[in-house]
Protein chains: 2
Amino acid sequence: MASSADCSSTRITLQTINPNVLKFEYAVRGEISDLAQKLQEELEAKPGSYPFDEIIYCNIGNPQSFGQPPITFIREVLALCDRPPMLDMREAQGLFSVDSKNRALQILDQIPGRATGVYSHAQGIKGLRDTIASGLEARDGFPANPNDLFLTDGASTGVHMMMHLLISSEKDGILCPIPQYPLYSALIALYGGTLVPYYLDEAHGWRVDISELKKQLETATSSGINVKALVVINPGNPTGQVLAEADQKEIVDFCKEEALLLLADEVYQDNVYAEDKQFHSFKKVARSMGYGENDISLVSFHSVSKGFYGECGKRGGYIEVTGFSPQIRDQLYKVSTVHHCANISGQIVASIIMSPPKLGDESYESFCAEKDTILSSLARRAKTLEEAFNSMEGVTCNKAEGAMYLFPQIRLPEKAIKAAEAVNTAPDAFYVRCLLNSTGIVLVPGSGFGQVRGTWHFRCTILPAENKITAIADRIAEFHKRFMDQYRNA
Amino acid sequence: MASSADCSSTRITLQTINPNVLKFEYAVRGEISDLAQKLQEELEAKPGSYPFDEIIYCNIGNPQSFGQPPITFIREVLALCDRPPMLDMREAQGLFSVDSKNRALQILDQIPGRATGVYSHAQGIKGLRDTIASGLEARDGFPANPNDLFLTDGASTGVHMMMHLLISSEKDGILCPIPQYPLYSALIALYGGTLVPYYLDEAHGWRVDISELKKQLETATSSGINVKALVVINPGNPTGQVLAEADQKEIVDFCKEEALLLLADEVYQDNVYAEDKQFHSFKKVARSMGYGENDISLVSFHSVSKGFYGECGKRGGYIEVTGFSPQIRDQLYKVSTVHHCANISGQIVASIIMSPPKLGDESYESFCAEKDTILSSLARRAKTLEEAFNSMEGVTCNKAEGAMYLFPQIRLPEKAIKAAEAVNTAPDAFYVRCLLNSTGIVLVPGSGFGQVRGTWHFRCTILPAENKITAIADRIAEFHKRFMDQYRNA
């Protein structure tokens, strides 16, 4: 056979695999993250081999890796659902709150076979979707339909599903903020589409500017791109802004006028620190403007990985899909079936975050205390880092009104930019790599998120433990001073 | 703007979505499954509206939905990992075996932050991969490398990843058995590739015939398809055969000669019922033939959903990837990063199934007893159904040597075929729909898996509770008799 004449042991080569796989990049898990893992292994093998004792992963929003404790109620319910005999064991009576036990019983009753080991309906367990829909109604004051919910393994699976549905060639465009959470750029490239950028306005707290949206849509359309959807991340990642309701209304009107699908990444909805800001879901905004199912197509993404719960490892989340025709909804359903179903523990956690303990429940006070401790500490940590960055030479940093990140801009000396170019590296990646090598602190360079040409940024999570945050800020500041001294223009 | 002249409220229509989404079908969750859900809702709303009380889902391998209990050791470890304070609580001491507690402690020590709520390394927690690698070495007697393991949310995510890596156009072909587990046909279509069929030999216990493989490869190649990989499912789904080692060796040689990637679906490796058969992993077979990393590229898929554990809802599994060049491995790693990581509970279960309690551990005897109870009962249930099918007019059924299914062939009367054609339905789908409407029993028609043209089959799981299996077999037999009487050729 002709093919066996080729003496290679495999037909799978860089030339034969999917070229989209070759092309795409995912900055959060990219080169810097690999270098950090390498350093960590070296440190473990040879302690003392670097001027630091540990790697501090400020590159990923992974709260529990920094010691943030899980919410007790969530874990009690999970443990009981996985080990239901404990519900009846006398010895176990004192180990769980009454409402944890009641919730576990209620959830088990909703699962066919009363077992967390089952495949569920591809959209998720119906009873849990009912619970989430009630939570959405309580949040928004507008009806929510459990059949519009697709429970997913974290928000990412939801994004995969949507990109799979929307993209079939590079003619298919998705409007994305710049800077953006690089999962969007990664998946748009991996599914073979085109990212149509719109720039957030850094000078005005990373605001979304409608004229910019219009301009970019026009440019893309006139170059033959079929723009299908607009991604908005609110609260913003990596930028931390919380959109004003007036701006959200303009965005909704823009999507309605342009018949664009609005993909609302709302995973940080429980992370708002600015006292003058509040989270409003795009669905609530659209409904409050009088727009219903027939006026606008909207997908909201949520996740159990963020908020005060931070259950990244549970891989739970959902998408709420409204304003789709039944035919398109059926197609999305079909896509969901090839994932079978989201893992049941993640489904359970998703239902709990949308329906936490209520006043009068045994867990209520301790739940609120845990929540407030985490959120108020995150707000203080954000403030500490923001002030530290703003006090550094050539650095300006917008407030983290929400989410889990700061995204400061650094004005780098010409010599540093030249030094980066000499090693074929973006200047911000060069800076971040130098920081990692000298402090063990891992950031993500702005180039991974996109930024206005000629500006340089990095993303830093606000997640390290509060008793370490000042020391971390100091280490970054010391490094920054040395770096600037080294490369300062003569 | 030109686009807003179109007065549709959305640009997302059947004409604008990804045509691969429109095209693909996933039979296990298809039309029959939708009808079953509809009937169930009607039964719940109006009991007595059908000649049966419940829907019996023999269409999906979902053991715990039939009341199969989870393995105690697995659940004790999960509950402790999710709620570590129980490890120290005096009241909890009697609730868990000593080895569950030790295992939970060991696992928590392996997780950064000792928390099941973290994102892990994209390939999975290193310590759990070490455990799985040791389990593979014990199983096969050949070295296994933890860095070759990618922990996944069930085997399906692994199949997604591989199809994403391999397929970029309809010129990319994957050799698949017919009949096949329809996730393969679904994903190959969804990713835009071409399924190159090879037919299993029903007359010889669904054997894989090498001359058939060669013929189909040749035909596909000569029509311009770049065949990249060969899927083998062992034990077989839907066909239940366990491949003989000699046949596996021929398959390995074929892949080596043709430089094909071997995708070995080995999720039923713990489900072998035939006393004269044994599971051999393709890696063990290849290594025992003297073939190493440079001779053959091989991916083995495993899952926590099957075996005696049946933890479908945990969405755990792994792929073991050997014989890939470092460059291709890096590309696969990149694909894994856009899923972040598999859920941690699933990762933990995957490590436990590859490293169960050992002789001397407190749980060992009860673990073995639970395992044997489930596996021996499955073997008896398979036998009962096999005999029932073989006693039905016009039905022949190969033995379920392994896996969880029977795939009998039904010879339908001409009049039944005509009646099916009259309602635009495949004859086997017609039969399965009639069965569902009159008994509440859900099967999957053979046309969903593929079959030799002009033959008709259905797939039936062996999972209903043992005390119900005879009644179910009787109901199918009664229906079958009525159906045959109704449509018998004059």
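How are α7(B) and α12(B) oriented to each other? In this predicted model, helix α7 (residues 154-166) and helix α12 (residues 326-337), both of chain B, have axes that come within 10 Å and cross at roughly 125°. Angles of 65 to 115 degrees count as roughly perpendicular and those over 145 as roughly antiparallel, with the range between them classed as oblique; α7(B) and α12(B) are therefore oblique to each other. Their crossing is right-handed.

On the α7(B) side, the residues that meet α12(B) are B:Met161, B:Met162 and B:Leu165. Their partners in α12(B) are B:Ile328, B:Gln331, B:Leu332, B:Val335 and B:Ser336. Sorted by class, this contact holds six nonpolar and two polar residues, with no charged residues.

A second helix pair in chain B is formed by α14 (residues 364-390) and α17 (residues 466-487), whose axes come within 10 Å and cross at roughly 15°. Angles under 35 degrees count as roughly parallel, so α14(B) is roughly parallel to α17(B). The crossing of α14(B) and α17(B) is right-handed. From α14(B), the contact draws on B:Ser377, B:Arg380, B:Arg381, B:Thr384, B:Leu385, B:Ala388 and B:Phe389. From α17(B), B:Glu466, B:Ile469, B:Thr470, B:Ala473 and B:Ile476 take part. The classes here are six nonpolar, three polar and three charged.

The two pairs are set out below.

| Helix pair | Axis approach | Crossing angle |
|---|---|---|
| α7(B) and α12(B) | within 10 Å | roughly 125° |
| α14(B) and α17(B) | within 10 Å | roughly 15° |

What relates chain B to chain A? A turn of 180° with a shift of 0.0 Å along the axis lays chain B on chain A with an RMSD of 0.0 Å. That is the relation of a two-fold axis. Within chain B, the C-alpha nearest this axis belongs to B:Ala79, at 2.2 Å from it. Both copies use the same surface, as 100% of the contact residues of chain B recur in chain A.

For chain A, an unreviewed UniProt entry places the feature "domain: Aminotransferase class I/classII large" at residues 113-476. The end C-alpha atoms of residues 113-476 of chain A are 53 Å apart. This span is 42% helix and 15% strand.

Terms used
Residues numbered from 1 in each chain as written. Chains lettered and ligands numbered in written order. Predicted model: local features only at pLDDT ≥ 70, side-chain atom pairs only at ≥ 80, totals over all residues. Heavy atoms only, no water. Axes fitted to C-alpha atoms, helices over the stretch in contact; angles between N-to-C directions. Helix = DSSP H or I, 4+ residues; strand = E, 2+ residues; numbered from the N terminus. Left-handed = near helix turned anticlockwise from the far one by under 90°. Contact = heavy atoms within 4.5 Å. Nonpolar A, V, L, I, M, F, W, Y, C, P; charged D, E, K, R; others polar. Least-squares fit on C-alpha atoms with pLDDT ≥ 70 in both. UniProt positions renumbered as here; feature names shortened; annotations may be inferred.
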